[in-house]
Every structure is written in C-alpha cells, then in structure tokens.
Protein chains: 2
Amino acid sequence: MNVRTLCLGILTFKEASGYEIKKMVEEDVFGHFIDASYGSIYPALTKMMAEGLVNVRAEEQAGKPDKKVYAITPFGRQELAAALLVDPAKDKFKSEFMFQIMLQEFLPKEHVAQIYQSQIEYLRDEIEKIRCCVGDHQVNHPSMSFVAGFGEASLGAGLKFLEDNRAQILGDETPSLTLVDGTLDHNKDQIEGQSKDQKNA
Amino acid sequence: MNVRTLCLGILTFKEASGYEIKKMVEEDVFGHFIDASYGSIYPALTKMMAEGLVNVRAEEQAGKPDKKVYAITPFGRQELAAALLVDPAKDKFKSEFMFQIMLQEFLPKEHVAQIYQSQIEYLRDEIEKIRCCVGDHQVNHPSMSFVAGFGEASLGAGLKFLEDNRAQILGDETPSLTLVDGTLDHNKDQIEGQSKDQKNA
DNA sequence: TTGATATATATCAATTTGATATAAGGGCTC
DNA sequence: GAGCCCTTATATCAAATTGATATATATCAA
C-alpha cells in the first residue's frame with residue numbers, strides 16, 4: 001500500500017489539508033498503524049488532484065498560507081475500493097529500543113536503564129492517548145473503537161511485560177514496587193549523572 | 001538507525017553472508033523488530049568492508065556462487081557502540097490489515113472475513129515461531145529470551161483481542177468459546193443470517 | 001521435462017524519509 | 001521590543017530504502 005491509498009483512506013473520514021493528514025497519522029488512532037511524511041503526502045495529493053481522485057478548496061487565512069483542503073471524489077472512492085481489495089501486507093513492527101536491548105552488552109548500564117524507563121513512559125503515554133481518543137474525540141465509527149481496542153491490548157501487554165521483567169535486563173533495581181499502586185518512581189541507583197541531550201540517528 | 005548499524009549488530013552474534021543476514025531479519029528473533037532488504041544489505045556490507053568495519057572470507061561452494069562470509073572487526077564494534085549510544089527512535093507499527101478494517105465499509109464482507117481469519121492465523125504462526133526460536137535454537141543470550149518474551153506477550157494479547165472481538169467486525173460467525181471468563185458481555189442476540197465457513201487460504 | 005523452491009550475489013527505478021526552506025503568528029521571558 | 005521557540009502551513013530534495021528483477025546452480029516434485 002502506498003501513500004496515495006493512505007491519503008484517500010483518511011480523506012473518507014473527513015476532508016483535510018496535507019498538514020492535517022500528517023497530524024492525523026502522527027496523533028490520531030491512525031497513527032498506531034500507518035505512517036507517512038510530508039515529502040510523500042504533498043506530492044501524492046498534487047498528483048491525485050490532477051487525476052481527479054481528490055479536489056481542493058483553498059481556505060484563506062489571515063497571515064498563514066492558504067490552507068488547501070482536499071476532499072475525496074467519487075472516482076477517488078472507486079480507486080480506493082480497488083486498491084484495498086488485496087491481501088494486506090504483513091504487519092511490520094520496528095523497534096530500535098529492542099535492538100538496543102539485544103545489544104545491551106555494548107552499552108553503558110546507565111544508558112540501558114535510561115532507555116528502559118523512557119520506553120515504559122512512552123508506552124504509558126501511547127495507551128493514555130488511545131484512551132483519550134476513544135473518550136472525547138468522536139470514535140463513533142465502530143471500526144475505530146475496534147482498532148483502538150487492539151492497540152490498547154497489544155501495547156498494554158507489552159508495557160506489563162516491561163514492568164514485570166525489568167530485573168531480567170537491569171539486574172535488580174526497583175524490584176517489586178509496581179504492585180502497590182503502579183507509580184514506580186524512585187530509582188535508588190540514580191541515572192542523574194547522565195545528560196539527556198542525546199539525539200536520534 | 002540505518003542498515004549499516006543493523007548489519008553490524010547482527011554480525012556480533014555470528015558471522016554471516018548478506019543472504020544469511022536477510023534470512024535472520026526475516027525469520028529469527030530479530031525479525032520481530034527490525035527489517036532490511038537485499039538492496040540495502042549488500043551495498044552496506046560492501047561499503048563497510050572498504051571502511052574496515054567488517055572483513056570477508058569467501059567460502060567456495062560446489063555450484064552455488066561463493067558465499068561471502070562477513071565478520072565484524074574491532075573497529076566495527078567500536079563504531080557499533082557509538083551508533084547505539086543514542087535515544088532509540090520511537091517504535092513503529094505498520095498494519096495494512098488494520099487500515100483495511102478501518103475502511104471495511106469499502107470492502108466486500110467476504111473479503112473482510114477472509115483477511116480477519118488470515119490475520120488470526122498469521123499471528124498464531126508468529127507466536128509459534130517465537131516459541132520454537134526459544135526452544136530449539138540457542139536463545140542462550142539472555143536478552144534474546146527477553147525480546148522473545150516481549151514479542152510473545154504483545155502478539156498474544158493482539159491475537160486474543162482478535163479472537164474475542166470477532167463479532168464486532170464480522171457480525172457474529174464462530175460465536176462463543178472464549179466467553180467463559182472473558183470481559184465482553186453484550187452479545188445476547190445475534191443475527192444468524194449467514195453461517196458459511198470461510199477457511200480459504 | 002517443466003516448474004517451483006532454495007541458495008547466493010547484485011543492481012536499479014521508484015518510493016519514501018528526514019531534513020530543510022519559507023513565511024507569518026503567538027507566547028514566553030528578560 | 002528583542003530574541004527565541006513553537007505551531008500552522010506548503011513545498012522541495014538529497015539520501016536511504018524498498019521491491020522487483022537478473023543471473024547462476026541445485027534439488028525436489030509432478
């Protein structure tokens with residue numbers, strides 16, 4: 001599946017600008033199983049406009065550049081339906097965190113402890129975001145709550161595993177605290193010595 | 001993280017050819033959280049050889065082309081350690097299956113039923129593969145069993161969700177086996193319209 | 001015998017990423 | 001009231017990566 005199909009699919013839920021589509025695949029329920037960058041979204045929309053799969057409405061805005069709001073056309077829906085009628089590709093999960101864990105022997109203990117904690121916090125955040133999505137925003141769409149439920153289940157199980165098997169990787173620190181109320185906080189073996197200005201490669 | 005780092009990481013476990021590295025990211029424990037294609041692996045190995053990060057040993061084989069077995073050098077290990085000392089990028093999960101489910105209204109019912117069943121079987125296979133990996137093959141490496149455990153937990157929860165929430169997407173077919181202790185409740189009356197079994201591949 | 005599958009390396013067009021440029025507005029602080 | 005960062009918004013582009021294909025041989029099955 002390519003970015004074209006992805007954009008068409010999103011536009012069936014509501015009309016949107018390229019910028020908004022990007023936000024949706026970053027933050028919305030969509031974000032948990034699809035991905036795309038500006039560099040592919042904008043050209044895809046331009047091309048699909050020329051082909052009549054979408055149409056545009058320029059929304060003038062004080063100061064900011066005009067927002068180009070795209071909407072899917074009947075022809076676009078037709079193309080989408082055709083593009084979807086294939087066996088979906090296998091799920092793909094990428095995790096640099098897991099890669100680093102596999103190679104922990106090459107890393108300072110403090111680094112491993114730090115990324116482990118960050119990963120736990122990241123997963124908690126993601127789960128929280130899904131719950132918010134389902135709560136406030138209209139996840140009236142039945143398949144949306146299904147997809148959200150799946151994400152919550154998977155991420156929840158992963159999080160629980162990380163919480164339960166900390167000792168396997170980090171030796172022992174914070175042994176069994178999560179049982180009380182779920183708020184583990186104090187790492188007696190401090191990580192504070194390290195700066196946290198590491199950049200992604 | 002790029003393919004270079006990925007190859008170096010894998011080569012710390014054992015020396016391997018480009019072909020074998022590809023197999024490893026396809027089938028081994030690695031396969032559950034990293035990915036790479038021939039088109040990126042081969043050039044990466046060639047370049048890293050020129051840079052002294054790996055070295056090669058040509059293994060002659062009857063008939064087949066010589067196998068070029070790559071091994072990581074001390075300099076390669078040094079570079080790997082440096083490349084790993086960054087905040088890992090966010091996990092990324094891609095699922096065309098979920099995308100199709102979100103857009104099920106554009107798809108024939110039978111197609112949805114078919115991909116749903118395939119997805120369940122696919123997840124069962126993946127979990128089985130992980131268990132095999134841990135069983136026979138040497139997952140002596142402690143972090144390998146950790147990573148395998150994480151995968152099993154996440155995939156297992158996802159699989160259970162699909163099994164338990166079938167009705168939410170497919171209407172009703174194959175209704176109740178998991179209902180004994182399950183949390184889902186509001187399934188009193190079902191539409192018994194179609195009970196065709198679809199076990200197509 | 002034909003076809004399919006597996007080992008093995010390699011290339012390359014097409015797609016996609018990730019970073020950057022441009023431009024205006026708002027908010028923060030000092 | 002200047003400096004700075006963040007957000008909205010579109011767009012481009014080098015570099016990385018994919019996915020498909022080519023080449024060659026061996027084996028197994030129909």
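What percentage of the 201 residues in chain A are buried? The answer is 43%. Keep in mind that this is a predicted model. Today I'll take the fold, then the confidence, then the DNA.

Start with chain A. It has 8 helices and 3 strands. Read along the sequence, the order is α-α-α-β-β-α-β-α-α-α-α. Now look at contacts with a separation of 6 or more. In chain A, 56% of those join residues 24 or more positions apart.

How far can we trust the coordinates? The average pLDDT of chain A is 85. A score of at least 70 is reached by 81% of the residues. One stretch needs care. Over residues 175–201 of chain A, pLDDT stays under 50. The model has 31 contacts beyond four places in sequence for that stretch. Where pLDDT is low, predicted coordinates should not be read in detail. I'll leave that stretch alone.

Next, helix α1 of chain A, residues 3–11. How many of its 9 residues are buried? The count is 7, so the helix is mostly covered. The buried ones are A:Thr5, A:Leu6, A:Cys7, A:Leu8, A:Gly9, A:Ile10 and A:Leu11. What covers them? From chain A, the cover includes α2, α3, β1 (54–59), β2 and α4 (74–84). Chain B takes part too, through its α5 (96–102).

Now go to chain B and find B:Thr5. This residue lies in helix α1 of chain B, residues 3–11. Is B:Thr5 buried or exposed? It is buried, because its relative accessible area is 8%, and the cut-off for buried is under 20%. Leaving out residues up to four places away in sequence, B:Thr5 touches B:Leu80, B:Ala83 and B:Leu84. It also touches A:Phe99, from the other chain.

Back to chain A, and to A:Tyr70 in strand β2. A:Tyr70 counts as buried because its relative accessibility is 4%. Which residues does it meet beyond four places in sequence? Among them are A:Leu11, A:Glu15, A:Leu45, A:Met49 and A:Val54. A:Ala16, A:Ser17 and A:Gly18 are also included. Take A:Arg57 as well. A:Arg57 and A:Tyr70 are 13 residues apart along the chain, and their C-alpha atoms are separated by 6.5 Å.

A quick word on cysteines. A disulfide is a covalent bond between the sulfur atoms of two cysteines. A search of the whole structure, over all chains, finds 0 of them. Look at Cys132 in each chain. A:Cys132 is partly exposed, at 38% relative accessible area. B:Cys132 is partly exposed, also with a value of 38%.

Now the DNA. Take strand D first. There are 20 residues around it, and those that come nearest are A:Tyr19, A:Tyr42, A:Gln61, A:Lys68 and B:Gly39. Which parts of the strand come within 4 Å of the protein? Sugar and phosphate account for 67% of those atoms.

Some phosphate contacts on strand D are worth finding on screen. A polar backbone atom of A:Tyr19 is 3.0 Å from a phosphate oxygen. For A:Tyr42, a polar side-chain atom lies 2.9 Å from a phosphate oxygen. For A:Lys68, a side-chain N or O atom is 2.4 Å from a phosphate oxygen. Four elements give two or more residues to this surface: α2 (18–27), α3 (38–50) and β2 (67–72) of chain A, with α3 (38–50) of chain B. The largest share, 3 residues, comes from α3(A). By class, the surface near strand D has 7 nonpolar, 9 polar and 4 charged residues.

Turn to strand C. It has 19 residues around it. A:Gly39, B:Tyr19, B:Tyr42, B:Gln61 and B:Lys68 come nearest. Here sugar and phosphate make up 65% of the strand atoms within 4 Å of the protein.

Again, look at phosphate oxygens. A polar side-chain atom of A:Ser40 lies 3.1 Å from one on strand C. The side chain of B:Tyr42 has an N or O atom 2.9 Å from one. For B:Lys68, the distance from a polar side-chain atom is 2.4 Å. The elements giving two or more residues here are α3 of chain A, plus α2 (18–27), α3 and β2 (67–72) of chain B. Which one gives the most to this surface? That is α3(B), with 3 residues. By class, the surface near strand C divides into 6 nonpolar, 9 polar and 4 charged residues.

How values were computed. Residues numbered from 1 in each chain as written. Chains lettered and ligands numbered in written order. Predicted model: local features only at pLDDT ≥ 70, side-chain atom pairs only at ≥ 80, totals over all residues. Heavy atoms only, no water. Near = heavy atom within 4 Å. Polar contact = N/O pair within 3.5 Å; in protein donor to acceptor, adjacent residues only side chain to side chain. Nonpolar A, V, L, I, M, F, W, Y, C, P; charged D, E, K, R; others polar. Disulfide = S-S within 2.5 Å. Buried < 20%, exposed > 50% of the residue type's maximum accessible area, 1.4 Å probe, protein only. Contact = heavy atoms within 4.5 Å. pLDDT = per-residue confidence, 0-100.
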